[in-house]
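Good morning, and thank you for joining this group meeting. I would like to take you through one structure, moving from a single residue outward to the elements around it. Please have the display ready.

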Amino acid sequence: MAAEIQPSVGQTLLWFLDRYRGEEGALNCPTLCRLRGPLDRARLTRAVAAVTARHEALRTTFTGGGRRLRAVIADQVSPVLHEVDLSGAADPESAAGEAVRTELGTRIDPSGSGVRLTLWRLAADHHILCFNMHHMVTDAWSCRLVLQDLCAALDRPADRPDPEPATPYSAFAAQQRQALASDAGKRLTAYWSRQLRGMTLPPLPMSRATPGAPRHTDLVQHTLDAGTVAALDAVARGERSTLFVALLTAYYRALQQVSGSSDLTVATLFANRAPEYRDTVGFLANMVLLRTVLRPHGDFTDHLRAAHTTVTEAFVHQAMPLQMLPLALDDRTRRPDDVVFQMMPDPVYTTRAGGLDIEVLVPDEVPTRFELELVAVPTQDTVRILLFFNPDRFSPEFARELLAAYVGICSAHTGHAVS
């Protein structure tokens, strides 16, 4: 048996993006982990089935299109775990790395299944598991839930019942539609109308390539050292703010430096989760536009205060989906989410479950659907800065210039020379 329901606003947008910008796995959201120890395949299969049973989003496919798009939720599915033996390769680790890159760069068709599962065997006691999901059925928060529930299922004795299903994603989708049609939706519209009135995007040196054309993603990166991170964190705490805001402020200032504009809009993803959906797997995250006007001669602290206000107000009003925002851009070759900032949670995560040592793997080469995306990844005391860019629209020289400006701004608070 299966039920057909109206998808969420976000799922409808992602369906459109999948048709026009879904190449190279740009809408894939993987949970990837290394398993060390004696692997009981039957136990792993039961655990994967338990996770799928607990979360309806992982049993959801899509049919139709446009106004006729529907989410089809199966009562139960039998997840297929594709096993690939790499233990005979000359270098199993390198072979696995290449296999993972290929898997993450291969599109998932959400009309067939929103989930693709692969297990690579490097040795008898060494495997890599990929729970690869289409963005229409998951988000970053959900990926952590999948891993959490997988570990719990691996630890659960076979004779113990599985936990109750999580709050279904369909409940979120229905509640979202109701809220947006209510007075709460009108208040959201009023706020964003004021906040985005007259908004323009930073005048960056972009080509006029057609958005949605086949493209790939390039990357430049740098690691902020512990002293730099500690200094930025101290500045933020001194203003009762956060490292997220400090790193975002540096991005604003770098964009100001390369564009000459002080009116800057950067898109970011917020979790968008009420307490009742903290354990729900699905696409709840929402793209939010952070528009901040920097005082032309303000220092870093002045700009951090402005950014803090922007982020705080945006957090309160984050429930308005991007495609429903009241804005119009004069340049039709630009999108409001062309320039993106994200800060990932600390990916250093190791645990033990089902007799296995489990290590989360965070691939560098996950494709992005955005034109220019700066991702900050905390790793213990440092922060890795990954600047993804579409080389059809930005030159490598510009990307290196922007990254150098960003690193220089961050390092100015420590007195360290930029390496």
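Let me begin with Leu243. Setting aside residues up to four places away in sequence, Leu243 touches Val229, Leu232, Asp233, Ala236, Met343 and Val383. I should say at once that this is a predicted model. Leu243 has its place in helix H8. Is Leu243 buried or exposed? With a relative accessibility of 16%, Leu243 counts as buried, because the cut-off for that class is under 20%. As for distances across the model, the C-alpha atoms of Leu243 and Ala42 are separated by 43 Å, and these positions lie 201 residues apart along the chain, counted as their separation.

I turn next to the aromatic residues. How many aromatic pairs does the structure hold? There are nine of them. One of these is formed by Phe244 and Phe341, an edge-to-face pair at 5.3 Å centre to centre with 70° between the planes. Phe244 belongs to helix H8, residues 243–259, and Phe341 to strand S11, residues 339–343, so this pair ties together parts that are 97 residues apart in sequence. Phe244 and Phe341 are both buried.

Another edge-to-face pair is made by Tyr251 and Tyr406, with 6.3 Å centre to centre and 80° between the planes. Here Tyr251 lies in helix H8 and Tyr406 in helix H10, residues 396–411, so the contact of the rings ties together parts 155 residues apart in sequence. Tyr251 and Tyr406 are buried as well. Ring pairs link Phe244, Tyr251, Phe341 and Tyr406 into a cluster.

Let us now consider the strands, starting with S2. Why can strand S2 be called largely enclosed by the rest of the structure? The reason is that eight of its nine residues, in the range 28–36, are buried. Strand S2 runs antiparallel to strand S7, residues 126–134, and nine bridges join the two. Within that pairing, Thr31 has Phe131 of S7 as its bridge partner. Strand S2 also pairs with strand S13, residues 356–360, in the antiparallel sense, over four bridges. There, the bridge partner of Leu35 is Ile358 in S13.

A further antiparallel pairing involves strand S3, residues 60–63, and strand S4, residues 70–74, which are joined by four bridges. Phe62 has Ala71 in S4 as its bridge partner. S3 and S4 form a hairpin with six residues between them, and in the turn Gly64 has a positive phi of about 85°.

That brings me to positive phi values outside glycine. Arg240 has a phi near 55°, a positive value in a residue that is not glycine. Arg240 is found in the loop between helix H7, residues 226–238, and H8. Arg240 counts as exposed, because its relative accessibility is 77%. Asn272 likewise has a positive phi, of about 60°, although it is not a glycine. The loop that holds Asn272 lies between strand S9, residues 263–270, and strand S10, residues 286–293. Where Arg240 is exposed, Asn272 is buried, with a relative accessible area of 12%.

To close, I return to helix H8: Leu243 is placed there, and Tyr251 in that helix pairs with Tyr406 of helix H10. I am glad to take your questions.

Terms used:
Residues numbered from 1 in each chain as written. Predicted model: local features only at pLDDT ≥ 70, side-chain atom pairs only at ≥ 80, totals over all residues. Heavy atoms only, no water. Pairing = 2+ DSSP bridges. Phe/Tyr/Trp six-rings, centres within 6.5 Å; stacked < 30°, edge-to-face > 60°. Buried < 20%, exposed > 50% of the residue type's maximum accessible area, 1.4 Å probe, protein only. Contact = heavy atoms within 4.5 Å.
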